[in-house]
Amino acid sequence: LFNRRMRNLLFILPLCGSAVAWQLPARLTTPTLSKPLPPIHNPGSRALDDLVMREEGVRAGLVTEVPFEIRFSIGNVITGSGFALLFYCLVSYLLSNGQADLLQTLGFVYAIPALVGGLALKYAELPPVPLDSTPQAEVLREQKGTKIQKKILSDATRFTYGDAHMEEPLKALKLAPRGMGPPVLKSMRETISPAGGYHLGMTFFAPNTPYRVWKDRAPRYARFFGPNVRAELRKVSTEDRLVELSLITVDKGESIEPLEQIDDGSLVPILTAAEEAETAATA
């Protein structure tokens, strides 16, 4: 009898175990990971990754190719078309002794919105930035100019609407003080550097950005506008608050350390505020 009961118990226990396991909630069971867990970053690494992603995003937006570029003022075209149509309809209406046909009525309907829309575009329009160039520099641009240099030049020398020229890159580089506008791109020049590289110079009107801030951001310029470029800074005019930022192509293996062009035309390494204070104290 005992052996019979033991056999029955051994037969029932597996069935009970299966029933209990079937009734257990899903959260008590051991999960099976279909994908490996992402690596754990420390806060410093996460901040660095975010900074790199932001810079990559701005660079990607800066060099994004567009299907076509408009090299004339859309605001002028729409404003002129609306004004011409409105003038024609008005003159036709007066010459017909105040009797308007269907064409004149449609002309009034479309001419006024076109004129207003064209004037709105003219208000938001930014003209191309003046460019000082030479035929030799244009040829070198096609040979040695980087994709970002070419895109900067292309964007700045056409009509734009809304954002100012180079607004997003300047904000990403923190050259625009909080609550104030970024420096304004006033002119550009392209030349050949002494080493034979393509030299793209951009002169900014920076009433709200001290020259010290431009120098503090200097280590980021080559990484931001790179690859294969070196940045140079030059204080064009202290009274007029003009600063020139140049991007110069370099060959592989050349130094990309940022340099500053001083008053006598020579190039010197850009010093931090602490290094300048130490130099002034020892002088």
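**Pocket, surface patch and salt bridges**

About 210 Å³ of space lies in the second largest pocket of this predicted model. The pocket is lined by 16 residues, and those closest to its centre are Ser193, Pro194, His199, Glu232 and Ile248. Three strands, S4 (184-192), S6 (229-237) and S7 (242-249), each contribute at least two lining residues. Strand S4 gives the most, with three residues. By class, the lining holds six nonpolar, six polar and four charged residues.

A nonpolar patch of about 730 Å² lies on the surface. Its members are Leu85, Tyr88, Leu102, Leu103, Leu106, Val109 and Tyr110. Helix H3 (74-95) and helix H4 (102-123) each supply at least two of the patch residues. Helix H4 gives the most, with five residues. Leu85 is placed in helix H3. Its relative accessibility is 33%, so Leu85 counts as partly exposed.

The count of salt bridges comes to ten. One of them pairs Glu190 with Arg141, with the closest N and O atoms 2.6 Å apart. This pair links distant parts of the chain: Glu190 lies in strand S4 and Arg141 in helix H5 (residues 135-144), 49 residues apart. Glu190 is buried, because its relative accessible area is 1%, under the 20% cut-off. Arg141, at 16% relative accessibility, also counts as buried.

A second contact is confined to helix H8 (residues 211-216). Here the side chains of Arg212 and Asp216 meet in a salt bridge, at 3.1 Å from N to O. The two residues are four apart, about one turn of the helix. Arg212 has 22% relative accessibility and therefore counts as partly exposed. Asp216 is likewise partly exposed, with a relative accessible area of 38%.

Helix H8 also takes part in a bridge to a strand. Glu260 forms a salt bridge with Lys215, and the closest N and O atoms are 3.5 Å apart. Glu260 lies in strand S8 (residues 259-261) and Lys215 in helix H8, so the pair ties together parts that are 45 residues apart in sequence. Glu260 counts as buried at 12% relative accessibility. Lys215 counts as buried at 9%. Elsewhere, salt bridges that share partners join Arg141, Glu142 and Glu190 into one network.

Methods:
Residues are numbered from 1 along each chain as its sequence is written. This is a predicted model: local features need pLDDT of at least 70, side-chain atom pairs count only at pLDDT 80 or more; totals for chains, interfaces and linings use all residues. Side-chain values use heavy atoms; hydrogens and water are left out. On a 1 Å grid over the protein atoms alone, a cavity is a set of points where a 1.4 Å probe fits but cannot get out, and a pocket is an open set with protein on both sides within 12 Å along at least five of seven lines; lining residues have an atom within 4 Å of a point. Grid points are joined across faces, edges and corners, and a volume is the space filled by probe spheres set on the points. Ala, Val, Leu, Ile, Met, Phe, Trp, Tyr, Cys and Pro count as nonpolar, Asp, Glu, Lys and Arg as charged, and the others, Gly among them, as polar. Patches are made of residues with over 30% relative accessible area and no salt bridge: like charges are joined within 9 Å, nonpolar side chains (Val, Leu, Ile, Met, Phe, Trp, Tyr) within 5 Å. Accessible areas come from the Shrake-Rupley method with a 1.4 Å probe; for residues, only the protein chains shown count as cover. A salt bridge is a side-chain nitrogen of Lys or Arg within 4 Å of a carboxyl oxygen of Asp or Glu. Buried means under 20% relative accessible area, exposed over 50%, partly exposed in between (1.4 Å probe, protein chains only).
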